Amino acid sequence: MKRGLTVFLSILSIIAFSQPNLNFELVANYQFDEGSNDIWGYVDQNGTEYAIVGNAASTRILSLEDPANPVERANIAGSNTVWRDIKSSGNFLYVTADQVDDGLLIIDMTGAPDAITHQYYRPELMVDQMPFTLGSCHNVYANDDGYIYLAGCNDIPGRVLIFDIMADPQQPQLVGYTPAIYSHDVFVQGDLMYTSDIFEGYFSIYDITDRTNPVLISTQNTSRDFTHNAWASDDGNYLFTTDERGNAFVDAYDISDLNNPKWLDSFQPLETQGQGVVPHNTHYLDGFLYTSWYTDGVVITDVNEPDNMVKVAAFDTYDGPNGGTQGCWGVYPFLPSGLVIASDRVTGLYVLRPNIERASYLKGIVIDKTTGARIPNVEINIQANQQNKTFTDPSGEFKTGIAQSGNFEIIAEHEDYLKTTISSVLTAGQIKEVLIEMEPRALLTLGGTVVNDDTGETIPNAPILIRSRYRTFDIQANGAGVFILELPRDEYEVFAGSWGFEEAFFFEVDPFLTSQLDIRLKPGYKDDFIVDQGWIVVENAETGNWERGEPIGVLDGTLIAPEEDVDSDLGDFCYVTGNSNLLLGGEVSNGVTYLICPSMNLSNMADPVIEFQ
């Protein structure tokens, strides 16, 4: 007969490339023959809605008269650039382009859809007695206050330029500007202007009651010191910002005191947390934020409780790897129909129909059941199909929520306390307050014997791994095959193995009993590397020697070193080259590295086969 020897050496990787779609319906996707950037919307005199999409070398205007079949009504050529920005005022669209000399593209939509006209506006201007020609600007803001605002103009030191368009929307007149600080983005509400001063790492608030003389009120650093855009709530009491960095956040600030902005909360999608996802632009509408998150697509958060922002909808426009600045560039939520339009750098225009309601909120306090002391750093999870994990703060308090209503189990976990579960009814638009009491862990005595399952003889010095979510114990049976230890009460997994035997696995040791385990190993040769069975590494390479451990993984556009063990064996460990120094992706250089298994007695096997991955 043939007996198999299985030795797991190499690793495979599974990488999730998208977040789950939530409460969005795809109405249409219109793809262009070039890359896209920003997006805006417009409604003509007949009530027809339009999507205006910036592309690499054009600005496209698409009618959404039939939202499922967008029709291109205008294609306005421009210089090739990664960056365009679009806003509207009255019947006019204003488009800027960065790193080129197009100036300001002004599009007259008065005769849409049949007669759409445009001009490029490149006036000679004077700022601080220095002449320049309007050429390259990163961002534009416009509403119906009779002015437009240009930010990030490269021909001058980054100021926000304020133009009067009341007399002639096609001949904007420069009337004022901010100090010489580079502002990447600008938002105006009433007589207040908010600039995102990206390289300074803060937003600035200006009083622009006199447009000819903006007066700085205050500045506030954002959570990742790279402030990309800002948008205020309709009542002007709150400001929401993005930082264009990997693993950054949307921040919420209380600006009711303009001289003293106060941070309230930071949000990022939990589904892709830690994967380098970048927030780009956020807009506020009726208590919700609509944010383009590059590789995560469009995300809607309920910010009616701005100190507890909760995701209520998402649509991923990008199927590639997470992280970086591919994917969704912009989102526009202000169409009267309620449709949301978004632009993806690769896959173009998306027309989406959201189906959202208010979040269901949960807040509470976690205390020690014995002492009544508040417990910090407790993990809180509502058992729902939407990720919502949060932790208690230093005062033992927490806030979270989900985009569902109903009766849910709420689980609290901490390394020094037994897992605690309570039930609670959560209702859309309401805050449920709870008190969670946790019982401290007592000690558990765990012991047992490791024996040969065929003969009943004990196996001396067998390596044993005992682990819970919070703790790991690597121990060894004694010469009689016996082990015993005291450890905090918890649910444990127990693994054992010894060369010449197959590995054993016991799951969920009862934490409320003194447990005695009878570990029986079948004769054979099998190693999943979850315990150390004595393989020998001979090292003479400069880098990339064999190591036993959980593979770290390197992703640099393509997969260089996978980040997962094979999913068909025990545990997460394997042998991998160069795991502790992956600058070269595990490459073996300047030498040879040998991985040698302990000796095997195959004399009683006919036609033995070695299997490995």
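**Exercise 1. Which residue in β24 does D254 stand opposite?**

Welcome! Before the solution, a word on the model: it is predicted, local features need pLDDT of at least 70, side-chain atom pairs count only at pLDDT 80 or more, and totals for chains, interfaces and linings use all residues. Residues are numbered from 1 along each chain as its sequence is written, and side-chain values use heavy atoms, with hydrogens and water left out.

Step 1. Find strand β23, residues 250-254 (strands are DSSP runs of E, at least two residues, numbered from the N terminus).
Step 2. Follow its pairing with β24: the two run antiparallel and are joined by five bridges. Strands pair if DSSP finds at least two bridges between them.
Step 3. Go to D254, and you will find K262 of β24 opposite.

**Exercise 2. Place β24 in its sheet and explain why one side of β24 is left without a neighbour.**

Step 1. Write down the strand order, β21-β22-β23-β24, an open sheet of four strands with antiparallel pairing.
Step 2. Look at the edges: β21 (227-232) and β24 (262-267) each have a single partner strand, so one side of each lacks a neighbour in the sheet.
Step 3. Add the twist: on average, neighbouring strands here are turned by 25° against each other, direction ignored. The axes behind this angle are lines fitted to C-alpha atoms, and angles run from 0 to 180 degrees between N-to-C directions.

**Exercise 3. Describe the sheet that contains β39, and find the bridge partner of T445.**

Step 1. The order is β42-β39-β45, in an open sheet of three strands with mixed pairing.
Step 2. β42 (482-488) and β45 (515-521) stand at the edges; each has a single partner strand, so one side of each has no neighbour in the sheet.
Step 3. Strand β39 (residues 443-452) pairs with β42 in the antiparallel sense, over seven bridges.
Step 4. Within β42, E486 is the bridge partner of T445.

**Exercise 4. Sum up the chain: how many helices and strands are there, and what percentage of its residues count as buried?**

Step 1. The chain has zero helices (H or I runs of at least four residues) and 53 strands.
Step 2. Of its 613 residues, 53% count as buried, meaning under 20% relative accessible area with a 1.4 Å probe, protein chains only.
Step 3. For contacts (heavy atoms within 4.5 Å) with a separation of 6 or more, 56% join residues 24 or more positions apart.
Step 4. To finish, the C-alpha atoms fill a box of roughly 100 × 60 × 50 Å along the principal axes.

Key: Buried < 20%, exposed > 50% of the residue type's maximum accessible area, 1.4 Å probe, protein only.
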